[in-house]
Amino acid sequence: MTQVFQVITRHLEILTHESTYTDRFQKDELRIKKALIFIENNYHGNITIDDIASSSDISVSTCLRLFKDVLGTTPIRYLVDYRLQKAMEELTSPDKKPIGEIAFSCGFTDATYINRCFKKEYGMTPTEYISCLKKE
């Protein structure tokens, strides 16, 4: 009888541990989703790490940890990547907006900053990218 009780007790401990892990993971996932929705809705404006953390009701250190653990990046790096993605969409749209206007609409402070970020990420400036598209 003692061995059966020990097996059941161990099994319950494992289930309790898994349940706690799942609850924590779900809580962290919800926090990240809130932060990502905040970034999606506000990427065009001036966003700080404090704003991102506040959007999920967490501290800056928790925000940094969650982004690293769940997404493998920092909140600001994610924001810049999201802005670059939006800029890429605008560059490929038929509207043909100037780079400075695209930069501003995507939350970059100026054309120089978007050029630097774009080149670092894609190996070319937005203007060079547009030129490549025209050649195709």
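These legends accompany several close-up views of a predicted model.

**View 1. Helix α6 from end to end.** Let's begin with α6, which covers residues 111-122 and has twelve residues. How far does α6 reach from its first C-alpha to its last? The span is 16 Å, close to the 16 Å expected at 1.5 Å a residue. At the N-terminal end, Asp110 acts as a cap: one of its side-chain oxygens lies 3.1 Å from the backbone nitrogen of Thr112. Just after the helix comes Gly123, with a positive phi of about 80°.

**View 2. The two sides of α6.** Which residues of α6 are buried? They are Ile114, Cys117 and Phe118. Seen down the helix axis, the buried residues of α6 fall within an arc of 100°, so they line one face of the helix. Turned away from that buried side is a face carrying Thr112, Arg116 and Lys120, which are exposed. The cover over the buried residues of α6 includes α4 (75-91), α5 (99-105) and α7 (126-135).

**View 3. The largest nonpolar core.** Here you can look at a core of 27 residues. Those with the most contacts inside this core are Ile52, Phe67, Phe108 and Ile114. At least two residues of the core come from each of α1 (2-42), α2 (49-55), α3 (60-71), α4, α5 and α6. Which helix gives the most? That is α4, with seven residues.

**View 4. The surroundings of Ile52.** Now zoom in on Ile52, one of the residues with the most contacts inside the largest nonpolar core. Setting aside neighbours within four places in sequence, what does Ile52 touch? Its contacts are Ala35, Phe38, Ile39, Ile47, Cys63, Phe67, Pro75 and Ile76.

**View 5. Two buried cysteines.** Are Cys63 and Cys106 buried or exposed? Cys63 has a relative accessibility of 1%, under the 20% cut-off, so Cys63 counts as buried. Cys106, at 0%, counts as buried by that cut-off too. As for disulfides, the count for this model is zero.

**View 6. Asp57 in its loop.** Our last stop is Asp57, found in the loop between α2 and α3. Why does Asp57 count as exposed? Its relative accessible area is 63%, and the exposed class begins over 50%, so Asp57 belongs there. Along the chain, Asp57 and Arg31 are 26 residues apart, while their C-alpha atoms are separated by 7.9 Å.

Key. Residues numbered from 1 in each chain as written. Predicted model: local features only at pLDDT ≥ 70, side-chain atom pairs only at ≥ 80, totals over all residues. Heavy atoms only, no water. Disulfide = S-S within 2.5 Å. Buried < 20%, exposed > 50% of the residue type's maximum accessible area, 1.4 Å probe, protein only. Helix = DSSP H or I, 4+ residues; strand = E, 2+ residues; numbered from the N terminus. Expected span 1.5 Å × (residues − 1). Arc of directions from axis to C-beta. Contact = heavy atoms within 4.5 Å. Polar contact = N/O pair within 3.5 Å; in protein donor to acceptor, adjacent residues only side chain to side chain. Core = buried A, V, L, I, M, F, W, Y, C linked by side-chain atoms within 4.5 Å.
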